[in-house]
Amino acid sequence: MHAWICEDPVGPQALTWKEVPTPSPGKGEVLVSIKAASLNFPDLLIVQGKYQMKPQPPFVPGAEFAGVVEAVGEGVASLKPGMAVATFAGLGGFATHACVPQAVVMPVPPGFPFADAAAFLCTYGTTYHALIDRASLKAGETVLVLGAAGGVGTAAIQIAKAAGATVIAAASSDEKCALCRQLGADATINYSRSNIRDEIKTLTGGRGPDVVYDPVGGDLAEPVFRSIAWRGRYLVIGFAQGQIPALPLNLPLLKGASIVGVFWGEFARREPQHNAAALAQLATWYGEGKVKPVIEHQLPMQELPRAFELMASRQVRGKVVLTNP
Ligand SMILES: NC(=O)c1ccc[n+]([C@@H]2O[C@H](COP(=O)([O-])OP(=O)(O)OC[C@H]3O[C@@H](n4cnc5c(N)ncnc54)[C@H](OP(=O)(O)O)[C@@H]3O)[C@@H](O)[C@H]2O)c1
């Protein structure tokens, strides 16, 4: 097998594509022949040594992937060789093969291509948990999505629309805003050239959004929080801009509003039954055409450095997926 090895987490430029021995699955593990792996922003942070989880080098990055079970270890009964599976294993996906604990592997329903299956669990799982579970989004409410053309952002547009909400999508270019409208956003804001508070005021008649979905952080957070509606819910998803914002605590008091933390990986670990129910609903919506990963770039696995470069330079709309033949 081949794998991208991180020996020194100083950035994607230090990764090397190497031939390594194919592992045998241990007790409770399966060996997956990887067909597709998607990039999530934490993959970039992990190889830069900037993520909350710091694996001991050498390690193979790539949190999320899909493929075919090639062999199963002792005690694995529910998964069989030949089955199509997807996993959010945390590591190991930027390779041709990986051994994964059966507990984090799930069968892929019929009709899901590997590329979609590899781009689904984290992006849609996070966003469903955020909007439906943590924010209790109701039909008729207004959601403002920041970084709306990115991976979780595009999922937020689709899930909010599936839930019957009005969606304002905010992103940094006209091309990104155009994609958001194609995905069903009711209105867009290009925050690189307009005052986001003025735009929100105009688009919501001065009321503000009921829910804000924020995977960007940085200097957008405070002005946007100042625009939130009474009883609003501000979803803290991530900090792609690099800076963790701080908010004066009088702001939630004045708006009767909540700052709501979202950590899907921990939710999936602590509440597996609730996560399974959410993924089942998402699979139904996928079958009904209400949600579908937006995959702008599908590249060979060997082109991982280019994929990281696209993500780090904000050039990706939707997801980047890497594939093996
Ligand atoms: N809480 C959770 O459980 C959870 C789960 C998954 C992901 N996340 C977090 O969600 C965030 C987005 O993840 P993603 O996989 O959707 O990433 P992504 O596809 O790269 O999207 C991130 C978006 O952030 C915006 N951005 C602003 N400044 C940026 C910068 N300096 N570099 C890169 N992007 C920048 C970009 O949109 P514009 O150019 O339009 O501004 C970009 O589209 C990350 O912080 C990630 O860690 C959290």
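Helices and strands here are DSSP runs, numbered from the N terminus. With that naming in hand, look at Pro58, which lies in the loop between α1 and β4 (64-72). The peptide bond leading from Pro57 into Pro58 is cis, with omega near -5 degrees. Keep in mind as you read on that this is a predicted model.

Another backbone detail sits in a different kind of residue. Arg231 is not a glycine, yet it has a positive phi of about 65 degrees. You'll find Arg231 in the loop between α7 (221-226) and β12.

**The two domains**

Now zoom out. The domain assignment splits the protein chain into domain 1 (2-120 + 294-323) and domain 2 (122-265). Notice that domain 1 is written as two stretches, 2-120 and 294-323. Taken over C-alpha atoms, the centres of domain 1 and domain 2 are 28 Å apart. Where they touch, 13 residues of domain 1 are in contact with 13 residues of domain 2. On the domain 1 side of that contact, you can count seven nonpolar, two polar and four charged residues.

**Around the ligand**

So where does the ligand lie relative to domain 1 and domain 2? Both domains give residues to the shell around the ligand, so it lies between them. That shell holds 28 residues, and the closest are Phe41, Gly150, Gly151, Gly238 and Ala240. By class, the shell has 16 nonpolar, 10 polar and two charged residues. Some helices pitch in too: the ones below each supply at least two residues of the shell.

| Helix | Residues |
|---|---|
| α1 | 41-47 |
| α3 | 121-134 |
| α4 | 151-162 |
| α9 | 264-270 |

**The sheet**

Next, trace the strands. Six of them form an open sheet in the order β10-β9-β8-β11-β12-β13, and the pairing is parallel. β10 (187-190) and β13 (258-261) stand at the edges with a single partner strand each, so one side of each has no neighbour in the sheet. From one strand to the next, the twist averages 20 degrees.

What holds a sheet like this together? In general, strands of a sheet pair through backbone hydrogen bonds, either parallel or antiparallel. For a close-up, take β8 (residues 142-145) and β9 (residues 166-171), which run parallel and are joined by four bridges. Val145 is a good place to look: its bridge partner in β9 is Ala169.

**Helix α3 and what it touches**

Helix α3 turned up in the ligand shell, and it also meets the sheet. It lies across β8, β11 (211-214), β12 (233-236) and β13, running at about 160 degrees to β11.

α3 has a helix partner as well. Its axis and that of α10 (residues 272-287) come within 10 Å and cross at roughly 100 degrees. Angles of 65 to 115 degrees count as roughly perpendicular, and therefore α3 and α10 are roughly perpendicular to each other. On the α3 side the contact is made by Tyr124, Gly125, Tyr128, His129 and Asp133, while α10 brings Asn275, Ala278, Leu279 and Leu282. Sorted by class, this contact has five nonpolar, three polar and one charged residues.

Methods: Residues numbered from 1 in each chain as written. Predicted model: local features only at pLDDT ≥ 70, side-chain atom pairs only at ≥ 80, totals over all residues. Near = placed C-beta within 6 Å. Nonpolar A, V, L, I, M, F, W, Y, C, P; charged D, E, K, R; others polar. Domains from an automatic or database assignment. Pairing = 2+ DSSP bridges. Axes fitted to C-alpha atoms, helices over the stretch in contact; angles between N-to-C directions. Contact = placed C-beta atoms within 7 Å. Parallel < 35°, antiparallel > 145°, perpendicular 65-115°, else oblique.
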